[in-house]
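Please open the structure in a viewer with the sequence panel visible. The tour below proceeds from the whole chain to individual selections.

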Amino acid sequence: MNTVGIIAGVIVGAAFVVAGASKLAAGPAWPAQASGLGVRGPIVAVVPWVEMVIGALTALQVVAPWPAAAAAALLVIFTGLIIRLLLQGKHPPCACFGAWSAKPLGAGHLARNVALFAVAVIAIAA
């Protein structure tokens, strides 16, 4: 893996670790925010942990490129959820980074996810 790939992995990995940890730090606010996004049930409890594990493995380059590929796949799922909500005219708070992201969903969230996806692809390809 080259330096660019390592840096890309650290960037994507850090974003996922921060996102997961922020959701956990939000306490009971995270499940309420997730419900506003249409996410319910056991998925709500699992998402922060999955994000942190994938993020840590990606940042640390453990079994690369598989964690970066998992991060890219999650970004596709998250982006699809955002697109679906926006097409329905819904703009709930993002909740992507727990309490740090109370801003209603919009084009900026799509742009951020596309950028992170591109960085994940770089981490995969490197």
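What share of the contacts in the protein chain with a separation of 6 or more comes from residues 24 or more positions apart? Such residues account for 74% of those contacts. The model is a predicted one, and every value given on this tour is computed from it.

**The whole chain**

Display the protein chain as a cartoon and colour it by secondary structure. Five helices and zero strands are present, in the order α-α-α-α-α along the sequence. Switching to the C-alpha trace shows a span of about 40 × 30 × 20 Å along the principal axes. The radius of gyration is 14 Å, which agrees with the value near 14 Å for a compact globule of 126 residues. Of these 126 residues, 39% count as buried. With the surface switched on, the protein chain exposes about 6400 Å², and 79% of that area is supplied by carbon and sulfur atoms.

**Glu51 and the salt bridge**

Select Glu51 next, in helix 3, which covers residues 42-59. Is this residue buried or exposed? Glu51 counts as buried because its relative accessibility is 3%, and the limit for that class is under 20%.

Now add Lys23 to the selection. Lys23 and Glu51 form a salt bridge in which the closest N and O atoms are 3.0 Å apart. The two partners join distant parts of the chain, since Lys23 belongs to helix 1 and Glu51 to helix 3, with their positions 28 residues apart. Lys23 is buried as well, at a relative accessible area of 4%. The structure holds one salt bridge.

Keep Glu51 at the centre and show its surroundings. Leaving aside residues up to four places away in sequence, Glu51 touches Phe16, Val17, Ala19, Gly20, Lys23 and Phe78. Gly20 deserves a separate distance label: its backbone nitrogen lies 3.3 Å from a polar atom of the Glu51 side chain.

**Ser22 in helix 1**

Move to Ser22, which is found in helix 1 (residues 3-25). Ser22 is buried, with a relative accessible area of 9%. Which backbone atom lies 2.7 Å from a polar atom of the Ser22 side chain? It is the backbone oxygen of Val18.

**A nonpolar patch on the surface**

Return to the surface view and select Val53, Leu57, Leu60, Val62, Val63 and Trp66. Together these residues make a nonpolar surface patch of about 610 Å². Within this selection, pick out Trp66, which lies in helix 4 (residues 66-87). Trp66 is exposed because its relative accessible area is 64%, and the exposed class begins over 50%.

**The loop before helix 5**

Finish at Gly106, located in the loop between helix 4 and helix 5 (107-125). Gly106 counts as buried at 17% relative accessibility. To place Gly106 relative to another part of the chain, draw a distance from its C-alpha atom to that of Pro92. The separation is 9.3 Å, for two residues that are 14 residues apart along the chain.

Methods: Residues are numbered from 1 along each chain as its sequence is written. This is a predicted model: local features need pLDDT of at least 70, side-chain atom pairs count only at pLDDT 80 or more; totals for chains, interfaces and linings use all residues. Side-chain values use heavy atoms; hydrogens and water are left out. Patches are made of residues with over 30% relative accessible area and no salt bridge: like charges are joined within 9 Å, nonpolar side chains (Val, Leu, Ile, Met, Phe, Trp, Tyr) within 5 Å. Accessible areas come from the Shrake-Rupley method with a 1.4 Å probe; for residues, only the protein chains shown count as cover. A salt bridge is a side-chain nitrogen of Lys or Arg within 4 Å of a carboxyl oxygen of Asp or Glu. Helices (H or I, at least four residues) and strands (E, at least two) are DSSP runs, numbered from the N terminus. Buried means under 20% relative accessible area, exposed over 50%, partly exposed in between (1.4 Å probe, protein chains only). A polar contact is a pair of N or O atoms within 3.5 Å; within protein, one must be able to donate a hydrogen and the other to accept it, and residues adjacent in sequence count only if both atoms are side-chain atoms. The radius of gyration is taken over C-alpha atoms; the globule rule is 2.2 Å times the number of residues to the power 0.38. Contact means heavy atoms within 4.5 Å.
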